[in-house]
Every structure is written in C-alpha cells, then in structure tokens.
Amino acid sequence: DGVVGSGKVKSNNLDVKVEESELETEKKGTEEESTRESHSNVLVVSSDYPREKHISIQSHLADLEKLADLKDEKKTCPLCPEEKFKACYSHKLHRHLQNLHWKVSVEFEGYRMCICHLPCRPVKPNLVGDQAFLKMGAHYHCIICSATITRRTDMIGHINRHVNKGETESRFITVPAPKSSHEVLKELATDVQVLPNYSTPQKTDSYFNPKMKLNRQLIFCALAVLAEERKPIECLDAFGATGIMGLQWAKHLRSSVKVTINDCNENSVTMIQENCLLNKMKVKLNTKEEDSDEAMGDGEENSDTIEVTKMDANVIMHLRSFDFIHLDPFGTSVNYLDSAFRNVRNFGIVSLTSTDLSSLYAKAQHVALRHYGCNIVRTEYYKELAARIVIAAVTRAAARCNKGIEVLLAVALEHFVLVVVRVLRGPSPADDSAKKIRYLIHCQWCEERIFQKEGNMVEENPYQQLPCDCHGSMPGKTAVVLGPLWSGSLFNTGFLRRMLFEAVQYGLDEVQPLLKTLVCEAECTTSKHFSTHNPCDENKQEECGVYIKTANASAESCLVPGKRRSEEVIRNSAKRQKTESSAEHPAFYYNIHRHSIKGMNMPKLNKFLNYLSEAGYRVSRTHFEPMGVRTNAPLAQFKTILMKYSIPTYAGGQAEGPVHLTEDLQAGEESVQADAEDAEFLEDAKSGITAAMLTKNCPAHCVAD
C-alpha cells in the first residue's frame with residue numbers, strides 16, 4: 001500500500017508539475033501575445049513618427065559600399081543574400097552594386113531607393129506537390145512609408161502619390177527637428193511659400209506656375225501705369241492661390257495701391273497669410289461678407305496692409321467696387337465677367353488671363369461654342385483669333401452692364417491668353433463697342449480673310465467680299481464664317497509705351513523685348529527706336545482715348561486726386577479716338593512659311609518686311625507668330641512680292657541667272673505703281689504659259705526655250 005500510495009503521490013506530483021508547466025506555458029503565451037500586441041501597437045504608432053531608413057536607401061554609391069561586410073579580404077553585397085551573390089573583391093563588388101542595384105534605383109529628394117534582394121518581402125507560396133516553400137523576390141523600400149514594392153514603375157507611382165498628398169521623406173527620417181514641407185520661391189524680390197506639388201493645379205490648392213512669370217510682369221506694368229494716372233487705386237486679385245501677384249503689387253507700388261487678395265479655398269487663404277508675413281506685410285483678414293466695409297476702413301490706416309478675403313470671386317466683385325480687377329481662374333473666365341463689370345469704376349482696368357487653350361486654339365471647337373458662343377476652325381492666325389474671341393466675350397459682358405471697353409493689350413502666347421481693357425461707362429460707349437463685334441469670312445483654300453460689312457442686310461453672294469477668286473475657280477464651297485469676333489484694334493500704343501517705361505523703371509528685363517515688339521505691332525512699323533524717359537512729357541502719348549497726366553501743374557490742380565475726369569476731357573478723348581480709328585493696325589497676319597513657293601528660297605524675314613514697305617504697304621512683325629507678318633497688303637500682293645524676291649533652288653551655274661534677274665528687278669524699281677504692274681505682268685505670263693502647256697500638250701523643254 002505504501003508503494004502504491006507513494007506511486008500515487010508521485011503521479012499526483014507529476015500531474016501537478018504538468019499542470020504548472022502548462023500554466024507557465026499559457027502565461028508565457030499570453031505574455032508573448034501581449035508583447036506582440038504591444039509591439040504591433042508600437043509599430044502602428046511609430047508609423048506616424050520619424051524612423052531610420054532602410055539600408056537600400058542611400059544618397060551616394062560610396063555609402064552603399066561601406067555597408068559591405070569584410071570576409072577574408074573579400075566583401076559581401078549588403079543587399080543580396082550569400083546564396084545569390086558570394087563574397088568577392090572590392091572592384092567586382094563595385095561593378096555589382098553599380099549595375100544591379102544603383103542603375104535601377106528610384107531617385108527622390110537626393111536619395112536613391114536601390115533594389116533589394118534580401119528576405120524582407122515574402123512572395124506568395126508556390127505549391128510543388130505536397131510541399132509549400134516561400135521564395136524571396138526583389139523589391140524596393142519606400143523612403144516615406146517603408147512599404148515594399150516589386151516593380152520600379154509601381155514604386156515611382158507610389159512616390160508620386162505621396163508627393164501629391166504633401167508627404168515628404170523629412171517626416172520619416174530620424175532628424176532632431178522635422179523640416180517644413182513648404183518650398184520658398186522668389187520672384188521680383190517677393191518670397192512665396194509653395195507646396196511640393198505647386199505646379200500641378202489638380203493636386204494642390206495653392207497653384208503656382210513659374211511659366212506665367214511673363215504674364216505677371218505684364219499685369220504689373222499695366223497696374224503701374226494706372227497707378228500713375230490716379231492715386232490711390234483699389235485693386236483686386238480675385239484668385240490669389242499663393243498671393244504672389246498681390247504681394248508684388250503691394251511691395252513695389254506701396255502707397256499707390258490698396259491690395260485685396262481673394263480666394264475661396266481655406267488652405268490658400270492660410271498660405272496667403274503666411275506669405276504676407278514672410279514679406280513683412282500686415283494682413284487684414286476678412287472672411288465674412290458683412291464685414292467688407294469695416295475691412296476697407298481699417299485698410300486705409302496703413303498702406304502696408306494687405307486685405308485677405310475668403311469669398312467666392314463673383315460675390316466679392318458684386319459687393320465692392322475696384323479700380324483694377326485681375327481674373328486668373330483655372331480655365332475659362334467667362335463665368336466671372338458679369339460680376340467683374342458690374343461694379344468696376346469708370347476708366348478702371350479689367351485684366352483677365354485665359355488658360356483654356358484647347359478651346360481657344362481650335363482644338364476643342366465644341367467647347368469654344370459652348371463657352372464663348374463662337375464658331376472657329378484651325379487657321380494660320382489661330383492665336384490672334386483666340387484673343388479676338390476673348391475680347392468679344394468681354395465686350396458682350398460689359399455691354400450688358402451699360403459699359404463699353406477700350407482694348408489696351410491682347411497677348412496670346414504658348415501658355416495663356418491675356419487681355420487688358422479699360423472700362424468706359426455709359427450706353428454710348430457700350431453701343432460703339434458692341435458694333436465692333438462682327439463675323440469673319442475665311443477662305444479655306446488660300447486662307448484669305450475679311451470681316452463682314454456692317455449692317456443687317458443679307459447679301460446674295462458673301463463670297464464677293466473676299467479679295468480672292470477661289471470660289472469661282474474651285475468647285476464647291478471654299479469659305480466658312482467664323483465668329484462673332486472683335487474686329488477693332490488689339491493694342492493701344494500710348495499705353496504700351498508707358499508700360500515699357502514702367503518696365504525699365506522697375507528693372508523688368510524679361511518683359512521689355514515683348515513690349516517693344518507690341519509697340520511696333522501696334523504702330524505697324526518696323527522701326528525700333530524707343531525712348532525710355534518719362535512719357536508724361538510727350539503730348540503724343542495722349543491717343544486712342546487714354547488719359548495721361550502731363551507735367552503741367554496747373555492742369556493737374558483742377559483734378560482732385562482719386563476722382564474721375566471732367567466731362568470736357570472725356571469728350572476730347574472720344575473725339576480723338578474717332579479721328580485716329582483709321583490709323584489702327586491691320587487685322588490678322590500672314591505666316592511667311594505658309595505661303596512660300598515650292599522650289600524657291602524665300603528671302604530673310606527682315607528683308608521681306610523692307611520689300612513690303614517699299615511697295616507702299618504698312619508692315620510689322622507680330623508677337624503671335626515668330627514668322628508672322630502683319631500687313632495691310634492683300635494676300636495676292638503678298639504672294640507676288642514673296643515670289644518676286646525668292647531665288648530658285650538651282651544647282652551649280654544655273655543659280656546665277658535668277659540671282660542676276662533679281663538684282664535687275666531690284667535695280668529697275670522706280671515707283672510703287674511700277675512694281676505692282678510688273679508683278680501683275682509676271683503673274684499673267686505665268687498663268688498664260690501654264691494654260692498653253694495644258695492645251696497644246698507641249699513638252700516642258702519647249703516652254704522653257
């Protein structure tokens with residue numbers, strides 16, 4: 001019994017020990033589970049905090065080579081397992097790291113995310129029979145979120161998504177103080193903070209385009225000219241974004257302007273406030289529509305105060321009056337024209353930048369019809385056509401508010417279409433402006449064009465208005481009707497000269513060549529003699545209805561600063577505008593390459609301009625097209641003169657004949673009338689020889705003889 005009892009006792013002890021061991025294992029398991037949970041929680045929390053980079057993320061190849069382990073004078077690859085790449089000498093390891101890891105890396109902010117072959121990322125198991133094994137694949141480690149991605153293209157897209165969200169690597173690298181994700185750019189002595197994706201308007205609230213620098217300088221010069229006419233002026237940047245434009249106005253024009261920067265996005269308003277403080281400007285924040293009058297009163301106390309408003313652009317332009325309004329929305333600006341002309345002051349300026357170039361440049365014609373109510377096709381003068389489309393929409397919006405316009409500037413370049421107009425209150429200016437909206441008849445065969453005549457009477461044959469005879473010589477319909485378009489002038493010479501003077505005064509070197517080209521284009525001349533002194537001393541600057549201050553103090557004493565002009569000055573400017581309307585520059589331009597003769601070397605552009613000028617036509621270059629020629633010569637005479645001074649592309653000694661003939665023609669020119677008769681004779685002779693060849697079937701060498 002004792003033995004049996006002792007055995008029972010032993011068995012009981014064993015059971016107790018087993019139970020205790022089970023309890024211990026359960027406790028250990030629970031502790032391990034708790035530690036795992038705690039570790040997992042720590043990892044989740046640590047994902048929002050800075051952490052170290054993976055060894056595959058390096059800034060230099062030498063840093064990657066330093067991570068190699070030394071084994072018996074040989075080094076192992078730090079990014080490959082030993083079974084994949086054995087230890088080798090340093091020169092062979094250098095080639096391996098450079099060719100296999102460094103060349104296929106993904107670059108981001110000075111770092112390279114090299115491809116990694118270490119067992120960091122297990123791929124899906126491959127089933128072979130009853131066994132399942134894990135295969136380690138090549139992958140990349142994200143510098144931002146430490147994710148592992150296999151393909152390089154997917155890694156690039158993954159990084160771009162982080163950038164679009166405003167996430168950068170400084171948030172995840174162990175540094176004592178995380179750096180700001182804002183980048184500071186400087187333009188015209190003005191500093192602005194921008195987000196990393198500032199050049200993508202769909203991905204950011206504070207869009208900043210460095211390519212629009214020329215546009216901002218043109219608008220600045222226009223505002224500077226207006227500030228010289230009357231002080232102080234209230235100006236509005238309706239779409240502030242980063243606030244760069246309004247900051248430039250306030251920083252350089254100072255007490256001459258009272259700047260209001262508006263944006264409907266809260267993030268943009270915050271960015272504008274930070275940029276104002278960055279440029280040491282005081283900020284007056286106004287986010288309520290009822291407090292607009294109070295904000296105006298506070299803004300008058302300090303000239304360095306910029307008012308920042310958070311409203312819809314249509315709302316703020318309906319509530320308040322301004323002397324200068326600039327519209328630069330993303331896309332078309334037709335949705336804001338009615339509000340802009342509702343409360344703009346008399347003789348104020350409205351400038352608008354349109355970036356919907358796909359519709360304006362006739363790539364999306366249905367969109368142009370929907371936004372602007374205009375039928376267009378792709379022509380050789382499509383850029384000027386776009387400017388006239390926008391001005392026509394501006395004219396109709398101003399006329400609905402009983403206001404007329406005077407076009408001061410129209411520029412169409414690669415990235416934008418800029419239009420600057422002066423507002424003239426009253427039904428008479430509105431009627432005069434509305435009469436300048438006409439339809440355009442465009443020949444699709446020879447690209448000749450002409451505006452339809454005034455009047456409401458329907459013509460029996462509209463083709464008779466075209467100078468060309470393509471309709472009679474070609475079968476079918478050869479012309480289309482485009483429009484309605486603005487048919488008036490696109491430039492104001494006096495205003496452009498004063499803009500050039502302001503550009504010289506403020507050191508805007510990049511915009512000066514464009515302004516010189518615009519002055520020549522407005523005057524339709526090839527001369528380039530400019531005076532950069534103060535244009536207020538010249539009486540000739542008072543033209544096209546633009547009021548310009550003179551140096552006479554007695555004349556200025558009768559005008560109170562900030563008030564409107566007297567009725568007598570307005571009537572005189574209107575009379576002067578009517579008398580000088582005949583001296584407007586010709587509409588549209590011709591591309592010299594578009595009308596070149598096959599097999600002929602055409603003359604240089606500057607020489608060809610002199611030839612047209614000697615023939616008695618007004619001629620100038622145009623900013624719309626580098627090889628464009630603006631002239632009042634008909635297309636037939638344009639082609640005749642171009643053919644007259646072109647040289648056939650003959651080889652060897654045969655080239656001497658046409659050159660000698662051209663010199664004889666140049667030496668034999670006596671008058672403009674003689675040149676026209678010679679050109680008509682050459683054209684008739686050419687057509688007669690061609691007709692003889694077609695009727696008689698004479699070989700070409702007989703005709704040449």
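**Exercise 1. The α5/α6 pair**

Determine the handedness of the crossing of α5 and α6 in this predicted model, and describe the contact between the two helices.

*Solution.*
Step 1. Look at the crossing: α5 and α6 cross in a right-handed way.
Step 2. Add the geometry. Two packed helices are described by the angle between their axes and the distance between the axes. Here the axes of helix α5 (residues 213-229) and α6 come within 11 Å, and they cross at roughly 40 degrees. That angle makes α5 oblique to α6, because an angle has to be under 35 degrees to count as roughly parallel.
Step 3. List the residues in contact. On the α5 side they are Arg216, Ile219, Phe220, Leu223 and Ala224. On the α6 side they are Ile244, Met245, Gln248, Trp249, His252 and Leu253.
Step 4. Sort them by character: the residues of this α5 and α6 contact comprise eight nonpolar, two polar and one charged.

**Exercise 2. How covered is α6?**

Find how many residues of helix α6 (residues 244-253) are buried, name them, and inspect the residue that follows the helix.

*Solution.*
Step 1. Count: eight of the 10 residues of α6 are buried, so the helix is mostly covered.
Step 2. Name them: Ile244, Met245, Gly246, Leu247, Gln248, Trp249, Ala250 and Leu253 make up the buried set of α6.
Step 3. Step past the end of the helix. Arg254 follows α6 and has a positive phi, near 50 degrees.

**Exercise 3. A second helix pair**

Classify the packing of helix α20 (residues 605-614) against helix α21 (residues 635-644) by angle, distance and handedness.

*Solution.*
Step 1. Read off the geometry: the α20 and α21 axes are 10 Å apart, and the packing angle is about 120 degrees.
Step 2. Place the angle in a class. The roughly perpendicular range is 65 to 115 degrees, and roughly antiparallel needs over 145; α20 and α21 are therefore oblique to each other.
Step 3. Give the handedness: α20 passes α21 in a right-handed crossing.
Step 4. Identify the contact. From α20 come Phe608, Tyr611 and Leu612, and from α21 come Phe638, Ile641 and Leu642.
Step 5. Check the chemistry: six residues of this α20 and α21 contact are nonpolar, with no polar and no charged ones.

**Exercise 4. Buried or exposed?**

Decide whether Thr622 and Thr153 are buried or exposed, and locate a partner distant in sequence for each.

*Solution.*
Step 1. Locate Thr622: it is in the loop between β25 (619-621) and β26 (628-631).
Step 2. Apply the cut-off. Buried means under 20% relative accessible area, so Thr622, at 5% relative accessibility, counts as buried.
Step 3. Look for company. Beyond its neighbours within four places in sequence, Thr622 is in contact with Thr517, Glu521, Tyr589, Gly628, Val629 and Arg630. One of these, Glu521, is 101 residues away along the chain, yet its C-alpha atom is separated from that of Thr622 by 5.8 Å.
Step 4. Turn to Thr153, which lies in helix α4 (residues 152-164). With a relative accessible area of 59%, Thr153 is exposed.
Step 5. Add the partner: Thr153 and Val106 are 47 residues apart in sequence and 9.1 Å apart from C-alpha to C-alpha.

**Exercise 5. Backbone checks**

Describe the peptide bonds before Pro232 and Pro484, and the phi values of Leu188 and Phe588.

*Solution.*
Step 1. Start with Pro232, in the loop between α5 and β12 (233-237). Lys231 and Pro232 are joined by a cis peptide bond, with omega about -15 degrees.
Step 2. Move to Pro484, in strand β22 (residues 479-486). The bond from Gly483 to Pro484 is cis too, and omega is near 10 degrees.
Step 3. Take Leu188, in the loop between β10 (183-187) and β11 (190-194). Its phi is positive, near 55 degrees, in a residue other than glycine. At 19% relative accessibility, Leu188 counts as buried.
Step 4. Finish with Phe588, in the loop between α19 (567-579) and β23 (590-591). Phi of Phe588 is near 65 degrees, again a positive value in a residue other than glycine. Phe588 is buried, with a relative accessible area of 2%.

**Exercise 6. The whole chain**

Summarise the protein chain by its secondary structure, burial, contacts and exposed area.

*Solution.*
Step 1. Secondary structure: the chain has 24 helices and 27 strands.
Step 2. Burial: 43% of its 705 residues count as buried.
Step 3. Contacts: of those with a separation of 6 or more, 64% are between residues 24 or more positions apart.
Step 4. Surface: the chain exposes about 37500 Å², and carbon and sulfur atoms supply 51% of that.

Conventions:
Residues are numbered from 1 along each chain as its sequence is written. This is a predicted model: local features need pLDDT of at least 70, side-chain atom pairs count only at pLDDT 80 or more; totals for chains, interfaces and linings use all residues. Side-chain values use heavy atoms; hydrogens and water are left out. Axes are lines fitted to C-alpha atoms, for helices over the stretch in contact, and angles run from 0 to 180 degrees between N-to-C directions. Helices (H or I, at least four residues) and strands (E, at least two) are DSSP runs, numbered from the N terminus. A crossing is left-handed if the near helix is turned anticlockwise from the far one by less than a right angle, and right-handed if clockwise. Contact means heavy atoms within 4.5 Å. Ala, Val, Leu, Ile, Met, Phe, Trp, Tyr, Cys and Pro count as nonpolar, Asp, Glu, Lys and Arg as charged, and the others, Gly among them, as polar. Buried means under 20% relative accessible area, exposed over 50%, partly exposed in between (1.4 Å probe, protein chains only). Accessible areas come from the Shrake-Rupley method with a 1.4 Å probe; for residues, only the protein chains shown count as cover.
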